[in-house]
Amino acid sequence: MKPNHEKSLTATMEESSGGGVSSSTRRLLASWQRSQEYGVSPEIVEPAWAGEVPDDSLFYQCGQEVLAGLHQTLSNEPLSLMLTDAEGLVLNRFSGDSSLLRALDRVHLAPGFAFSEREAGTNGLGLALADRVPTLVRAEEHYSASLRTYTCAAVPVMDPVTGHLEGSINITTWSKTSPGLLLALAQSAATNTSTLMFSRSQGRAAPAKPQGGVFRVRRPRLEPAAGTMRAMSAPWTAALEQATATLARGNAVAAIGEHGSGRATLLGQALRQAHPASRILCATVPSPEMVDAWLALWTPELSKSDTAIIIENADFLPAWAAHELAAHARNILSSSPRAPGAAPSLPWAFSAEQLDHVPQPLRESVETVVPVPSLRERPSDVMPLARYAARQTRLRDLDFTPAAERALTDHDWPGNVDELVEVVHAAALVTETIDVRHLPPGLLSRCTQKLTRIEKFERDEIVRTLAQPGMSVAAAAVELGISRATIYRRLAKLGLDPRRS
């Protein structure tokens with residue numbers, strides 16, 4: 001049975017929207033339902049005490065600096081500024097209003113206490129972290145009665161380099177205070193925190209925001225041909241066999257591993273082997289604000305018996321969307337006709353970096369978790385994949401020189417299979433035989449330090465010169481106008497091995 005407040009919230013919002021329920025209300029109602037399932041008290045908040053607050057992360061240091069500066073401007077306002085980690089743990093708190101601070105202490109909204117949905121029910125910071133979008137929870141929208149004295153605005157903060165959820169900026173005020181610009185203020189603080197993190201992250205490139213998409217897989221991208229499959233490493237083959245067996249039983253699989261490691265490719269192969277007559281739809285999770293339209297686009301396909309689904313990057317899925325998706329799947333399974341005694345079957349799978357980051361409704365639907373090793377953990381797969389990528393680019397086999405093979409195999413591939421495909425594709429477009437001179441100079445360097453623009457130019461020139469056929473280190477030094485001792489010092493500093501060039 002729904003709490004009376006949830007019923008009134010639904011009725012009020014339906015009336016104000018002409019009988020429909022807005023996406024923000026759907027998120028609130030989904031959060032209320034999750035709060036009930038978590039067993040949160042509707043009367044009083046009893047959050048967990050985590051003890052000492054970690055303060056050594058880049059996120060904490062930048063967020064602390066941003067909120068301290070904002071507090072100086074707003075010290076006379078009845079506001080409390082807070083930073084939380086990705087699990088809802090309150091890391092710090094700023095406020096110049098002593099009565100507000102005393103009231104927040106009474107509900108334990110203070111550093112060291114965890115205020116995720118699981119601990120405190122529907123609240124601003126908990127919902128912002130669950131759905132990964134800016135969130136405003138007004139007084140009466142809180143699940144627990146003890147929090148309805150407040151209105152909270154919270155905005156999630158993502159690591160600008162990795163895209164991972166770091167935590168949130170939360171601003172809390174009295175419920176009678178107009179929320180007005182509260183959410184915009186939190187958004188500004190979150191943006192400033194992310195910008196400051198990026199400026200201090202040693203200039204690493206920020207990832208593209210997830211765009212999402214839905215497409216039919218006729219032949220999964222980079223699905224190795226039969227010959228390539230036989231050449232793949234034992235870890236890959238074992239993971240594929242495990243996923244195929246689970247999907248053949250009609251159960252869900254989660255492929256867990258680094259982005260670009262081939263998770264969706266493995267799932268596509270497993271689905272094709274387990275359900276050869278099915279078409280495969282690959283649905284890549286978009287940014288949170290696009291999820292509503294994204295779900296509406298492809299979830300009707302779940303009811304078609306000849307369709308299998310892969311959800312890519314399920315760890316980016318908002319909690320409300322995972323709740324709706326799991327409920328939709330349960331409805332299909334309960335209504336789908338099947339032979340007497342046969343288990344219900346809905347061929348689907350998803351990929352994520354970590355299972356713990358996947359919303360609970362999807363996590364609970366999985367029977368088998370298949371770890372997909374990164375490419376650097378299976379170097380024997382590099383050349384089979386490289387040859388296949390070259391063949392896909394030119395529609396015929398291309399040759400690789402021994403030096404190119406060594407360079408490709410020795411590289412750490414931080415971007416995994418995606419990076420390998422990009423490198424080989426670019427090389428295959430300009431030559432019939434791929435050599436080190438067709439590979440990016442950075443691929444040949446093992447230097448882990450950040451290089452200046454001049455050092456990068458120097459590295460590229462040395463690599464270009466050494467890559468010429470028959471070029472020795474001594475001859476390269478002459479062409480570059482430096483001594484042999486100097487070029488060897490530069491090679492060592494830049495992490496270049498002349499044998500790989």
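These are my notebook entries on two sets of strands that I looked up in this predicted model.

**Entry 1, the open sheet.** I began with the sheet built from five strands, which is open, has antiparallel pairing, and follows the order E2-E1-E5-E4-E3. At its edges I found strand E2, residues 90-94, and strand E3, residues 135-137, each of which pairs on one side only. Going from one strand to the next, I noted a twist that averages 20°.

**Entry 2, one pairing in detail.** I then followed strand E1, residues 79-85, which is joined to E2 by four bridges in the antiparallel sense. Looking for the partner of methionine 82, I found that its bridge leads to arginine 93 in E2.

**Entry 3, the helix across the sheet.** Next I looked up helix H7, residues 182-199, and saw that it lies across E1, E3, strand E4 (150-158) and strand E5 (165-174), with a direction at about 25° to E4.

**Entry 4, strand E7.** I turned to strand E7, residues 252-256, and asked how many of its residues are buried. The count is five of five, with Ala252, Ala254 and Ile256 buried on one side and Val253 and Ala255 buried on the other, so that both faces are covered. I kept in mind that, in a regular strand, side chains alternate between the two faces of the sheet.

**Entry 5, the partners of E7.** I finally traced two parallel pairings of E7, one with strand E11 (residues 366-371) through five bridges and one with strand E10 (residues 348-352) through four bridges. Isoleucine 256 takes part in both, since I found it opposite proline 371 in E11 and bridged to alanine 352 in E10.

Terms used. Residues are numbered from 1 along each chain as its sequence is written. This is a predicted model: local features need pLDDT of at least 70, side-chain atom pairs count only at pLDDT 80 or more; totals for chains, interfaces and linings use all residues. Side-chain values use heavy atoms; hydrogens and water are left out. Two strands pair if DSSP finds at least two bridges between them. Axes are lines fitted to C-alpha atoms, for helices over the stretch in contact, and angles run from 0 to 180 degrees between N-to-C directions. Contact means heavy atoms within 4.5 Å. Buried means under 20% relative accessible area, exposed over 50%, partly exposed in between (1.4 Å probe, protein chains only).
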